[in-house]
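Student: Could we work through this structure together, one question at a time?
Tutor: Certainly; please keep the sequence and coordinates in view.

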Amino acid sequence: MKPVIIKGTNGFDVAKAYAAQQIKQEKTNIQKNNDGGKITRDDILDISPEARQAQIYRAELKELPDVREDLVSSIKKRIQEGTYKPDVGKIADGILEDKISIDIRR
């Protein structure tokens, strides 16, 4: 079997094509300013949909109060009246989950 020899790329220069594409992109990004014709380049920031959604969530979280006064006052009132009965199972589950997550991080 004869080895196949590939000579050239039929006149297609990959490096030149890449350079031409870069120049075309630069021309797209460059604009003339109104102040004396100076040339400036626009900076473009492209944010993914996930990052955009995270920004929305962060903004909404900033709007929430640190302490829910209505809930705190309701629980205080129920404690004073003797009607507050916490779910000990949920408390125990929370303690165990916290302990497990601390152990895993170590």
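**Helix 4 and its surroundings**

Student: What span should the 18 residues of helix 4 have at 1.5 Å a residue?
Tutor: The model is a predicted one. The expected span is 1.5 Å times one less than the number of residues. The end C-alpha atoms of helix 4 lie 26 Å apart, which agrees with the expected value of 26 Å.

Student: Which residue caps the N-terminal end of helix 4?
Tutor: The cap involves the backbone nitrogen of G89. A side-chain oxygen lies 3.0 Å from that nitrogen, and this oxygen belongs to D87.

Student: Which backbone oxygen does the side chain of S101 reach?
Tutor: S101 is part of helix 4. At 25% relative accessibility, S101 counts as partly exposed, because the class runs between 20% and 50%. The side chain of S101 makes its contact at 2.9 Å, and the oxygen reached is that of D98.

Student: Is I100 buried, partly exposed or exposed?
Tutor: I100 also sits in helix 4, which covers residues 88-105. Buried requires under 20% relative accessible area and exposed over 50%. The value for I100 is 49%, so the residue counts as partly exposed.

Student: Which residues make the nonpolar surface patch of about 330 Å²?
Tutor: In an α-helix, residues three or four places apart point the same way, because there are 3.6 residues a turn. I100 belongs to helix 4. The patch is made by I100 together with L96 and I104.

Student: What phi does G82 take?
Tutor: Helix 3 comprises residues 69-81 and reaches 18 Å between its first and last C-alpha, close to the 18 Å expected. G82 follows just after helix 3, with a positive phi of about 80°.

Student: Which element has the lowest mean pLDDT?
Tutor: The protein has 4 helices and 2 strands, in the order α-β-β-α-α-α from the N terminus. Its average pLDDT is 77, with 67% of the residues at 70 or above. Helix 3 has the highest mean among the elements, 94, whereas the lowest, 54, belongs to strand 1.

Student: What percentage of the 106 residues is buried?
Tutor: The accessible surface comes to about 10,600 Å², and carbon and sulfur atoms hold 57% of it. With buried meaning under 20% relative accessible area, the buried share of the residues is 1%.

Conventions
Residues are numbered from 1 along each chain as its sequence is written. Side-chain values use heavy atoms; hydrogens and water are left out. Patches are made of residues with over 30% relative accessible area and no salt bridge: like charges are joined within 9 Å, nonpolar side chains (Val, Leu, Ile, Met, Phe, Trp, Tyr) within 5 Å. Accessible areas come from the Shrake-Rupley method with a 1.4 Å probe; for residues, only the protein chains shown count as cover. A salt bridge is a side-chain nitrogen of Lys or Arg within 4 Å of a carboxyl oxygen of Asp or Glu. Buried means under 20% relative accessible area, exposed over 50%, partly exposed in between (1.4 Å probe, protein chains only). pLDDT is the predictor's confidence in each residue, from 0 to 100. A polar contact is a pair of N or O atoms within 3.5 Å; within protein, one must be able to donate a hydrogen and the other to accept it, and residues adjacent in sequence count only if both atoms are side-chain atoms.
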